[in-house]
Amino acid sequence: MIYFLGPCAAETYDQVMTTARLLSEQLDGDHLYIYRAGVWKPRTSPDTFQGVGAEALQWLTEVKRIYGMPVATEVATPEHVRLALEAGIDYLWIGARTSANPIAVQAIADELKAKGQQPKAVLIKNPVNEDAALWLGNIARLEQAGVAVMAVHRGCGHRPCWGMAHRVRTERPDIPMLLDPSHLTGDAALVPDMLLRVAELGLDGAMIEVHCSPETALSDARQQITPAALHATLYTLHHTPYTLHHTPNTIHHTPTPLTWYRAEIDELDDQLWDILLRRLEVCERIGEWKRANAVAPFQPERFEQLVRDRLKWGSANGISSETIRTILSAIHEESLRRQ
Ligand code: PEP
Ligand code: MN
């Protein structure tokens with residue numbers, strides 16, 4: 001298995017070194033472990049920590065020198081590629097925001113092609129939006145530059161996109177695929193369970209954000225785990241025959257499409273129930289408004305309109321009127337209870 005482990009961002013020399021020391025004390029020799037840290041951070045707001053910049057590349061090469069781990073950083077421009085390779089960074093990754101922009105990916109690929117010196121591999125995350133074709137196109141752009149490529153499924157927002165990952169895995173089974181449970185969930189508490197999907201889906205490894213003191217992190221504080229938590233999580237992944245989600249499997253199996261489809265169903269069910277909850281919350285607001293304005297909770301003509309619209313939609317999509325009525329009635333009953 002291949003693991004990229006380390007903080008979201010290199011913040012200080014001490015934070016980079018402490019995290020590396022705590023990690024290296026725990027890692028076995030059975031897998032490939034690479035230290036990751038971002039030095040140029042693609043942040044949403046210009047008023048937050050943007051990364052230390054090129055200066056922190058030296059901290060990564062110190063990690064390599066002292067702890068013997070290969071190192072990785074994120075690149076978003078040809079200039080980043082040049083600086084990272086000159087500093088001796090072993091692996092580069094292209095983040096989800098850059099992956100959404102083919103012109104930026106091509107500029108990086110062109111720089112890699114022009115460079116004599118090559119990274120050990122370039123990791124390409126899925127684009128921020130669900131777009132398997134763009135992800136595959138980015139893989140092709142990097143391959144045309146002559147570099148080894150790995151794909152990283154980091155989900156869209158803080159949710160997985162198993163359908164997209166399955167398509168890329170099916171079309172390019174020759175490219176290693178890693179899971180990034182940190183960005184995919186956005187929540188440190190969810191990282192251990194999500195990581196088990198690596199075994200379930202027969203992926204090749206993971207990129208996991210690990211910080212010596214996550215609560216003080218300058219970016220992605222909620223999703224980073226401690227080196228101790230990482231150790232426990234990897235132990236579970238490596239020593240438990242895989243039993244979650246139906247079939248007992250040991251790791252390194254080749255999953256059937258059914259395993260992927262079930263992951264996709266779980267993802268869609270999460271969204272379905274989440275939408276249902278949000279709908280009920282709107283119903284509560286409607287209830288408050290109706291009470292304040294002396295309007296009866298049940299408005300038959302409104303409900304009949306909803307049923308008519310949905311029946312039309314159902315017949316266009318091959319869903320029986322009985323199913324439509326059953327589901328709508330159940331939702332409506334619960335909505336009225338909330339009003
Ligand atoms: C990261 O790995 O720190 C990062 C910015 O990830 P992503 O591009 O997936 O958001
Ligand atoms: Mn991050």
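**A chat about strands β3 to β6 and ligand 1**

Visitor: Let's start in the middle. What stands opposite I124 in β5?
Guide: That is I94. Bear in mind that we are looking at a predicted model.

Visitor: Okay. How do β4 and β5 pair, and over how many bridges?
Guide: Strand β4, residues 91-94, and β5 pair in the parallel sense, with four bridges. Besides I94 and I124, you can find L92 opposite V122 of β5.

Visitor: And what does V122 stand opposite in β6?
Guide: In β6, V122 stands opposite V149. Strand β6 covers residues 149-153 and runs parallel to β5, joined by four bridges.

Visitor: Which helix goes with β5 and β6 in a β-α-β unit?
Guide: Helix α6, residues 132-144; together with β5 and β6 it makes a right-handed β-α-β unit.

Visitor: Why is β5 called largely enclosed?
Guide: Because five of the five residues in β5, residues 121-125, are buried, the strand is largely enclosed by the rest of the structure.

Visitor: Which way do its side chains point?
Guide: A121, L123 and K125 point one way from β5, while V122 and I124 point the other way; all are buried.

Visitor: How about β4, are its faces covered or open?
Guide: Both faces are covered. Y91 and W93 sit on one side, L92 and I94 on the other, and all are buried.

Visitor: What stands opposite W93 in β4?
Guide: E74 does. Strand β3, residues 71-74, is joined to β4 by three bridges, and the two run parallel. There is a helix here too: β3, helix α3 (residues 78-87) and β4 make a right-handed β-α-β unit.

Visitor: Switching topic: which residues surround ligand 1?
Guide: Some we have just met: E74, W93 and K125 are among them. The others are C8, R36, K41, G95, A96, R97, R154, H183 and E209.

Visitor: How many of those are charged?
Guide: Seven are charged, alongside three nonpolar and two polar residues in the shell.

Visitor: Where do the side chains reach oxygen atoms of the ligand?
Guide: An N or O atom in the side chain of R36 is 2.7 Å from an oxygen atom of ligand 1. For K41, a polar side-chain atom lies 2.8 Å from a ligand oxygen. R97 has a side-chain N or O atom 3.0 Å from an oxygen of ligand 1.

Visitor: How much of ligand 1 does the protein cover?
Guide: The protein covers 97% of the 290 Å² of accessible area that ligand 1 has on its own.

Notes
Residues numbered from 1 in each chain as written. Chains lettered and ligands numbered in written order. Predicted model: local features only at pLDDT ≥ 70, side-chain atom pairs only at ≥ 80, totals over all residues. Heavy atoms only, no water. Near = heavy atom within 4 Å. Polar contact = N/O pair within 3.5 Å; in protein donor to acceptor, adjacent residues only side chain to side chain. Areas by Shrake-Rupley, 256 points an atom, 1.4 Å probe, with all protein chains shown as cover. Nonpolar A, V, L, I, M, F, W, Y, C, P; charged D, E, K, R; others polar. Buried < 20%, exposed > 50% of the residue type's maximum accessible area, 1.4 Å probe, protein only. Pairing = 2+ DSSP bridges. Right-handed = clockwise from strand over helix to strand, strands pointing away.
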